[in-house]
Amino acid sequence: MTYIETDRLILRSWVREDLPLFAAMNRDERVMRYFPALMTDSQTEMFYNRIVAEFEQKGWGLYAAELKSTGAFIGYVGLHEIGFEADFTPGVEIGWRLAADYHNRGLATEAAVEVLKMAKEMRLCRLYSLTAKPNAPSERVMQKIGMTKAGEFEHPALQEGSPLRTHVLYRIDL
């Protein structure tokens with residue numbers, strides 16, 4: 001099912017054929033440089049299953065992103081219920097992860113703008129976005145789509161002393 005179409009992308013439901021490409025993306029050091037570790041194939045499959053389950057439960061989620069011109073799976077952009085406790089949870093996150101060959105082309109921004117519009121139509125009131133503090137490219141996307149920095153926090157899933165533990169938090173009221 002197609003949820004959103006942009007000039008260059010289709011945001012759609014996931015299909016099982018996406019899984020090997022998703023796993024390869026999650027094993028790519030360029031993609032995962034702002035995450036604590038590369039994901040194993042089994043971790044990617046568990047993540048894929050959580051994404052599919054969230055669609056079944058909520059009717060929205062992290063949409064598989066494909067290039068209109070080629071039909072190639074390039075990652076995801078969408079909505080995700082924040083899965084840890086913090087002073088801003090419960091809440092819904094807008095997030096993205098694209099294969100490295102598609103970075104710095106404005107694709108995450110293009111898709112995220114449309115996801116924001118859809119979230120507003122669904123009557124979601126507020127969205128958050130978060131990333132490790134060193135991840136300036138992702139933070140720039142947050143700024144480009146009109147989000148405001150709400151602060152920084154220590155991610156509870158990361159160990160003290162990790163250079164990725166401090167995260168930036170952005171929000172937008174719809």
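Reader: Which residues is M122 in contact with, leaving aside its neighbours within four places in sequence?

Author: Leaving those neighbours aside, M122 is in contact with W60 and L79. Keep in mind as we go that this is a predicted model. M122 itself sits in the loop between α3 and β6.

Reader: How far apart are M122 and W60 in sequence and in space?

Author: Along the sequence they are 62 residues apart, while in space their C-alpha atoms are 9.5 Å apart.

Reader: What makes M122 count as partly exposed?

Author: Its relative accessibility is 32%. Buried means under 20% and exposed means over 50%, with partly exposed in between. The value of 32% falls between those limits, so M122 counts as partly exposed.

Reader: What else can you tell me about the loop between α3 and β6?

Author: R123 and L124 are found there too. R123 has a positive phi of about 70°, although R123 is not a glycine.

Reader: Why is R123 called exposed?

Author: Its relative accessible area is 67%. Exposed means over 50%, so R123 belongs in that class.

Reader: And which residues does L124 touch, not counting those up to four places away in sequence?

Author: L124 touches L79, A119 and L174. You can also compare its position with that of G91: the two are 33 residues apart along the chain, and their C-alpha atoms are separated by 10.0 Å.

Reader: Let's move to the helices. How are α1 and α2 packed?

Author: Helix α1 covers residues 18-26 and helix α2 covers residues 41-58. They pack at an angle of about 120°, and their axes are 9 Å apart.

Reader: Why is this pair called oblique?

Author: Let's set the angle of about 120° against the cut-offs. Roughly perpendicular runs from 65 to 115 degrees, and roughly antiparallel means over 145. The angle fits neither class, nor is it under 35 degrees as roughly parallel requires, so α1 and α2 are oblique to each other. Their crossing is right-handed.

Reader: Which residues make the contact?

Author: From α1 come L19, F22, A23 and N26, and from α2 come D41, T44, E45, F47, Y48 and I51. These residues divide into 6 nonpolar, 2 polar and 2 charged.

Reader: How many aromatic pairs does the structure hold?

Author: There are 14 aromatic pairs. One of the pairs is made by F22 and F47.

Reader: What makes the pair of F22 and F47 tilted?

Author: The ring centres are 5.6 Å apart, and the ring planes stand at 40°. Rings pair if their centres lie within 6.5 Å, and 5.6 Å meets that limit. Stacked would need planes under 30 degrees apart and edge-to-face would need over 60, so at 40° the pair is tilted.

Reader: How do you know that the pair ties together parts that are apart in sequence?

Author: F22 lies in helix α1 and F47 in helix α2, so the pair ties together parts that are 25 residues apart in sequence. Both F22 and F47 are buried. They also belong to one aromatic cluster, together with W14, Y48, F73 and Y76.

Reader: D18 is found in helix α1. Why is D18 called buried?

Author: Its relative accessible area is 3%. Buried means under 20%, so D18 counts as buried. Not counting residues up to four places away in sequence, D18 touches R12, S13, A64 and F73.

Reader: How do you know that S138 is buried?

Author: S138 has 12% relative accessibility, which is under the 20% limit, so S138 counts as buried. S138 lies in helix α4. Leaving aside neighbours within four places in sequence, S138 is in contact with W96 and T131.

Reader: What makes G83 exposed?

Author: G83 has a relative accessible area of 71%, and exposed means over 50%, so G83 is exposed. You will find G83 in the loop between β4 and β5. That loop is also the place of P90, and the peptide bond from T89 to P90 is cis, with omega near 5°.

Technical notes
Residues are numbered from 1 along each chain as its sequence is written. This is a predicted model: local features need pLDDT of at least 70, side-chain atom pairs count only at pLDDT 80 or more; totals for chains, interfaces and linings use all residues. Side-chain values use heavy atoms; hydrogens and water are left out. Axes are lines fitted to C-alpha atoms, for helices over the stretch in contact, and angles run from 0 to 180 degrees between N-to-C directions. Helices (H or I, at least four residues) and strands (E, at least two) are DSSP runs, numbered from the N terminus. A crossing is left-handed if the near helix is turned anticlockwise from the far one by less than a right angle, and right-handed if clockwise. Contact means heavy atoms within 4.5 Å. Ala, Val, Leu, Ile, Met, Phe, Trp, Tyr, Cys and Pro count as nonpolar, Asp, Glu, Lys and Arg as charged, and the others, Gly among them, as polar. Rings of Phe, Tyr and Trp (its six-membered ring) pair if their centres lie within 6.5 Å; planes under 30 degrees apart count as stacked, over 60 as edge-to-face and the rest as tilted. Buried means under 20% relative accessible area, exposed over 50%, partly exposed in between (1.4 Å probe, protein chains only).
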